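Reader: I should be grateful for a close look at a single part of this chain, with the backbone explained step by step.

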Amino acid sequence: MLTHDVIIVGAGLAGMRAALEVCDKYDTAIITKVYPTRSHSGAAQGGVAASLANSTDDSWELHMYDTVKGSDFLGDQDAIEMMVKDAPHAIIEMEHMGCVFSRTEDGRIAQREFGGHSRPRACYAADRTGHALLHALYEQVIKKADKIKIYSEWYILSLIVEDNVCKGVVTYDIKTGRLEVLRGKAVLFATGGYGRAFSITSNAFASTGDGIIAAYRAGIPLEDMEFVQFHPTGLYGQGILVSEAARGEGGYLVNGKGERFMEKYAKAKMELAPRDIVSRSVQTEVNEGRGINGKDYVYIDLRHLGREKILEKLPQIRQLGIDFIGVDCIEKPIPIQPTAHYSMGGIPADKDGQVIIDDKGTKITGFFAAGECACVSVHGANRLGTNSLLDALVFGRRTGKALMEFTGNAKLHDINKNQEISSVRGRIDTIMNTSGTESMNNIRNELKEIMMSSCGVFRNKEGLETCLKKVKELQGRFKKAKVTDRGKTFNSELIEAVELQHMLEYSEVIVVSAINREESRGSHARTDFPKRDDAKWLKHTLSYKKPDGGIELKYKSVTITKHQPEERKY
Amino acid sequence: MSKVIFSIRRFNPEKDSKPYYKDYEMNVPEGATVLDCLNLIKWTKDGTLTHRMSCRSAICGSCAVKVNGHPKLACKTQAAEEIINGRMKIEPLGNAKVLKDLVVDLEPFFSKFQKVKPWLVTEAAGSQQSAVNVKETRQSPEDFHRIDAASTCIMCASCVSDCNSWASNEKFFGPAVLAKAQRFVDDSRDKATLERVINLSEANGIWDCTHCGECVERCPAEVKPMDRIVSLRTTAIKMGIVNNNGARHVEGFVDSIRSSGRLNENIIPVKSMGIFNIPGLLSLIPVGIRMFLKGKNPPIIHKHIDEMDDVKRIFKRLKK
Ligand SMILES: Cc1cc2nc3c(=O)[nH]c(=O)nc-3n(C[C@H](O)[C@H](O)[C@H](O)COP(=O)(O)OP(=O)(O)OC[C@H]3O[C@@H](n4cnc5c(N)ncnc54)[C@H](O)[C@@H]3O)c2cc1C
Ligand code: FES
């Protein structure tokens, strides 16, 4: 058994930011299934929001209102206020740590427009913002190499919680296949999102919701899982992201008839309306036969921006188009379709990352969550672009401070190591020893297809119920699926099977929460309930795993401070 | 769709005493990347095939493998472009120990970064102090552009895979690490430039690069590591950090051309070692004797070329 004061799972922005806060005082470990710089934060392109007011007037109040409205009023306003007030400081701190930012002529951090934001407040590093932030944090983490122990390519399989007290985690060393218990006074999950359950997604192969499932299995509910953001501009057929920066810099969306169709849906904001609205608009064009050549995609056209601006501001996007679908956006429009992008839901946590399991504020002592795997909830029913890197930085930092405070008065708990290991070993053996006939690949593909088609941009009761049936069927078939690699060294086939199991489990939670929510709000668009229904549904969903494996839904209220719900127009 | 044979180097330390190649025949779907193909093989033909991947959008650096002999990011390489006579060869990265199949041990690579202190050194670094300093440090767009290229590095280790200096000297910092160093040396906000340049000028640093240019060729991002190394060398000489073999070598080179229009290969090694470096000079003697025995010694009497006026003009122009 290995022991550290603080165990952080995840080396994206949230995990590393938190580590830097506590490591000076407490022995800190970071566990990550990929090398830190491979974390999916690095894929973020467009920017990170803060009301620095470097190019126009701006204020935290405006940022707050935009975020609350963007969330379709489901965001908790106390947390949002905290985040937007902390934002300028969080960004300046990153700059001081060495993060490379694009600059204005007078040397300040450059800022650009982004969907749903009323001011240009996205700070950016060309179109590699996440990469710049991730590497800056990594640099600081290796500066503290004597204080932060990094376990790269270690995979957590279980969270140890007893009587609402968190004691540690069970991990699997991918290189050797060894199981190990890590005991800590506090555990922080910063394990990222869960977009891999959809056939068209911008997410990395690693975004399989491992953290949320470990928490869920340990008896912790998941909040607002029905809210999955679809980004309007995924590369056709691939889902790889064409950042909103492309529209922020002035790109047009064009349908098969050559029309800038956003005019019909968001006359004032056009292409820069929030993502849920733009995605629905794209999908509606396609559904009504106005895709390009009647197919299931439309174009994003950047040609009028000109070569120079594209090369200066959007170099990576241009390269992605060339490499992945052979389209150079300087010369041709890029075919795009909505892509599963961001997980608004996750592990319920308060403003300091403390995990809370009900509407009464009951805590899991010693268990924290931050970043995309957490639901604080600052994004409510729809996240605004550039607010999630911010979320990861601000709440990573706040949680780090909370960990400092908590760890000082906390103690290590006894863990029955053999029992923990053997229960995880049992789970692995079950997967390894099936001699069934099913193929993991088919199960995964079928899951992704049904989630995309029936639990995607538009949803309805009938489709969702078919989807639920299918997910359950697939869960059954998984039990007969075979892993052929029997080895211990780098058994990526086993890891993928475990990840598929996670996907099957959280997909069910998404679908069940979506069936129950009989309204349309933010990213959750029900064609059979097209209106937002504040009287009934202005509340967060909490899904609990029942002892029999089923799901129990409960709800908790939304914190409203400054802005009463109103109609959302752009 | 066309049938292609993927010849993949396999090695499982639990079973195999040495690596071997296994062929997989498969239709390549239109538009498929090399990573798509590896996944298709893994998911439909042979689950034991092992490779790394994550972002699949050329930004995380996980998926670098050798395709037909040279490193590529599998996720951003169109398979169709790599098919040669109906075949494609895929192997793990070079200059690294293979852990299994296409997965190599990256610990030596990652741990080397520490050697160049890859973090910004300022008075205000760290969150505690910065509470006082509530504004960003200004940096002009030009200064941003000086560090932009190196900061696109995704640490995929492709450059190291084909690096000739690394192959002959495992202690060499390597292209990625040196590019990272340039990113700080040229960062207008950094306060440790001199210390960095001194450190980089020591053995295994900027002067150990042989200028083969492989890293520029192989880098899938915009880093062009060798160009960064050249820029570091220029900075070192400008800052007067010349008391080392590498810088002396360059200076001796320039002196020789200036005075005779050709390389005086008798003098350059002496200048590189340093005239007062007695043990270093002694160490050259056996090399000299071996060269003499093999008939490879340069002429004892060094003559200048006929067009010395041209040489002088070039130096004058350069000085301007
Ligand atoms: C393509 C793309 C572009 C984006 N662009 C933007 C943008 O421009 N602006 C913006 O604000 N947001 C953007 N986002 C969203 C944003 O990048 C993410 O929400 C944010 O980076 C999440 O950070 P994180 O630290 O929570 O998690 P991640 O960076 O995803 O890190 C998760 C970490 O958890 C670890 N982990 C996961 N499971 C396990 C396990 N079982 N065992 C051990 N370790 C584990 C991983 O190894 C990893 O280190 C984008 C997202 C995508 C997909
Ligand atoms: S999978 Fe991330 S670079 Fe290829």
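Author: What follows describes one sheet and then some backbone details elsewhere in the chain.

The model is a predicted one. In chain A, an open sheet of 4 strands runs in the order E11-E14-E13-E12, and the pairing is antiparallel. Its edges are formed by strand E11 (228-235) and strand E12 (252-254) of chain A, each of which pairs on one side only. On average, neighbouring strands of this sheet are turned by 45° against each other, direction ignored. In general, strands of a sheet pair through backbone hydrogen bonds, either parallel or antiparallel.

The pairing of E11(A) can be followed further. Its partner is strand E14 (residues 334-343) of chain A, and the two are joined in the antiparallel sense over 6 bridges. Within E14(A), Thr339(A) is the bridge partner of His231(A).

The backbone details come next. Most residues other than glycine have a negative phi, and most peptide bonds are trans. Phe73(A), however, has a positive phi, near 65°, and is not a glycine. Phe73(A) belongs to the loop between helix H2 (60-70) and helix H3 (77-97) of chain A. With a relative accessible area of 0%, Phe73(A) is buried, because buried means under 20%.

Another loop, between strand E18 (374-375) and helix H11 (387-408) of chain A, contains Ser377(A). The peptide bond leading from Val376(A) to Ser377(A) is cis, with omega near 0°. Thr386(A) is also found in the loop between E18 and H11 of chain A. Although Thr386(A) is not a glycine, its phi is positive, about 75°. Thr386(A) has 4% relative accessibility and therefore counts as buried.

Note on methods:
Residues numbered from 1 in each chain as written. Chains lettered and ligands numbered in written order. Predicted model: local features only at pLDDT ≥ 70, side-chain atom pairs only at ≥ 80, totals over all residues. Heavy atoms only, no water. Pairing = 2+ DSSP bridges. Axes fitted to C-alpha atoms, helices over the stretch in contact; angles between N-to-C directions. Buried < 20%, exposed > 50% of the residue type's maximum accessible area, 1.4 Å probe, protein only.
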